[in-house]
Amino acid sequence: MLIQGLFYLFSAILVLAALGVISARNPVYSALALVMCFVTSAAIWLLLEAEFLAVVLVLVYVGAVMVLFLFVVMMLDINLAELRQGFTRFAWLGWLTALAVIVEIAGVVWARGGLGIDASAGGTASAADYSNTLALGTLLYTRYAYPLELAAMLLLVAIVAAISLTMRRRAGLKQQDISAQVAVRAEDRVRLIKMASEKRP
Amino acid sequence: MHKLTDIWLALPDYGRSTVWSVVITVVLIISVALLTLWERKVIGWMQLRRGPNRVRIFGLVPGLGQPFADVFKLLMKEVIVPTNSNKFLFRLAPIITLVPAFAAWAVIPLSPTVVVSRADAGLLYLLSLTSMGVYGVIIAGWAANSKYAFLGAMRSAAQMVAYEIAMGFALVGVLMATGSMNLGTIVLTQAGGALSWNWFWLFPLLMVYFISGVAETNRAPFDVAEGESEIVAGFHVEYSGIAFALFFLAEYANMILISTLTAVFFFGGWQGPLEGYQGVAAAPWWLAWLGAPSFLWLFLKVFCLVFLFLWFRATFPRYRYDQIMRLGWKALIPVTLVWIGVEMLLSVYHIGPWSRPWFH
């Protein structure tokens, strides 16, 4: 009963926050609403006893991805009036896309005869010493080791590609050479002289 | 007294957890107050000054009343909200900063018996909470609609994201050495006296973790987010009165938190330094006490580590921004990666922590 109540509470917050993402005028509010979406869906996953996934969702998406998102959105000086000009003109396209997505999801769910999961009832109760994290780790590193390595390699390639695309050296840029700064010794800069003390005139 | 114990034992689990979380919160706030005084005193002594020595409580120690006087002053002051600021987010930001600093204490074992939640994914919970601390800073900097505040927020966001990675990798090493993400188990596996605590075999990771911790809390020498000589006070430049005090509270609470985590991960938490040595347990009480686990040990360790924070602040000049980025990405992260490789070898050959029976 408690779990069901919590589920409906979190779901309501999640739906409201998701509506906030697409309806907020200010892009910063949109991004913050998206953070809220992630946190509440993590809470719902916790109710399903998927604690590892819930924590990782918060860790990766809330802790890193959305921070960078906010970073960019806050730096942009977006003119809101200009942004809203094309709203009605392109509204039909947006509705069409939304409709297509809904039809696709419904199609998949219908074809499989429902998902077979009732999230509102909470997860199936497992033994007290059952560790979701351990179970996931065991599976990932034994049965799915090969796909995991493949995904990791893909991400690595993506990182290298992103860096090589954005890294360029402009000519004539004044930059500090940090390794030269670190390599400096006191003897290079200061000359210590030994001399006898002089008499006061 | 006997009756109180009976009531305590009769309480359900969640009742005890609630009581403990209230106790921890109150004690933490008081320790933050005392820590501000201790910081000013210590830095004063290091600079051959006396530090605060005017306000007394009941005419006792000079200076002891200073933090309380400060708090009352800040409570009385007006909280000014800038005209063109985003009012809602401006008020929300201090609270967002404060919540993770306190919520993280839920999984920290304070003594063999006292812990609010024995969560199995405690380490992951801590990582995700500390990564949420950056939101308060960013939102504060943006909502204030001030160039200085915004610059401070940008700097601190980049810094926190960079050092989180090094911190996470250092914790991967701890995880490998202890084989658990439950903080209670992490402390338990370090049993066997001061030399079998993690700091010995994971020394580079300890260094990386603590340096990243100093950077994560935006303390000197990594305090470019506030950088008073460059951007006035950084992200909280527009805050006054108790709203500013909340940022202050969060910063000091985070300092204590990072010190506690370092003590738990690398210095055996509540374990005594002579624990497990031959004959210590049977020795007279003044010696056996060195081997007995208690909250006192955790307190002493945290006290020393917090002192390091103050010492750093009094000693080091502030890093330049590009130096901070270089240190984070090009020095600390490679060190952790190399040491994870070393740990792999150690675990294959059962050396150090991996010679313990449960790794076979």
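Me: What helices and strands does chain A have?
Reply: Chain A has nine helices and zero strands. Helices (H or I, at least four residues) and strands (E, at least two) are DSSP runs, numbered from the N terminus. This is a predicted model, where local features need pLDDT of at least 70, side-chain atom pairs count only at pLDDT 80 or more, and totals for chains, interfaces and linings use all residues. Residues are numbered from 1 along each chain as its sequence is written, with chains lettered from A and ligands numbered from 1 in the order in which they are written.

Me: And chain B, how many helices?
Reply: Chain B has 14 helices and zero strands.

Me: How much of each chain is buried?
Reply: Of the 201 residues of chain A, 13% count as buried. For chain B the figure is 43% of 360 residues. A residue is buried if 20 or more other C-beta atoms lie within 10 Å of its own, exposed if 12 or fewer, and partly exposed in between, with C-beta atoms placed from the backbone.

Me: What about the overall dimensions of chain B?
Reply: Its C-alpha atoms fill a box of roughly 65 × 55 × 45 Å, taken along the principal axes. The radius of gyration of chain B is 22 Å, which agrees with the value near 21 Å for a compact globule with 360 residues. That radius is taken over C-alpha atoms, and the globule rule is 2.2 Å times the number of residues to the power 0.38.

Me: Where do the chains touch, and how many residues are involved?
Reply: 17 residues of chain A are in contact with 18 residues of chain B. Contact here means that the C-beta atoms of two residues, placed from the backbone, lie within 7 Å. Helix α3 (residues 51–75) gives the most to the chain A side, with twelve residues.

Me: What classes of residue are on that side of chain A?
Reply: Twelve nonpolar, four polar and one charged. Ala, Val, Leu, Ile, Met, Phe, Trp, Tyr, Cys and Pro count as nonpolar, Asp, Glu, Lys and Arg as charged, and the others, Gly among them, as polar.

Me: Switching to Tyr125(B). Buried or exposed?
Reply: Tyr125(B) is buried, because 23 other C-beta atoms lie within 10 Å. Tyr125(B) sits in helix α5 (residues 122–143) of chain B.

Me: Which residues is Tyr125(B) in contact with?
Reply: Val55(A), Val107(B) and Ala119(B), leaving aside neighbours within four places in sequence.

Me: Val55(A) again. Which residues have the most contacts inside the largest nonpolar core?
Reply: Val55(A) is one of them, along with Ile138(B), Ala140(B), Ala153(B), Ala157(B) and Ala170(B), in a core of 120 residues. The largest share, 17 residues, comes from helix α6 (residues 147–178) of chain B. A nonpolar core is a set of buried Ala, Val, Leu, Ile, Met, Phe, Trp, Tyr and Cys residues joined through C-beta atoms within 7 Å.

Me: How do α5(B) and α6(B) cross?
Reply: Their axes come within 8 Å and cross at roughly 175°. Axes are lines fitted to C-alpha atoms, for helices over the stretch in contact, and angles run from 0 to 180 degrees between N-to-C directions. The two helices are therefore roughly antiparallel; angles under 35 degrees count as roughly parallel, over 145 as roughly antiparallel, 65 to 115 as roughly perpendicular and the rest as oblique. By class, their contact has 14 nonpolar, five polar and one charged residues.
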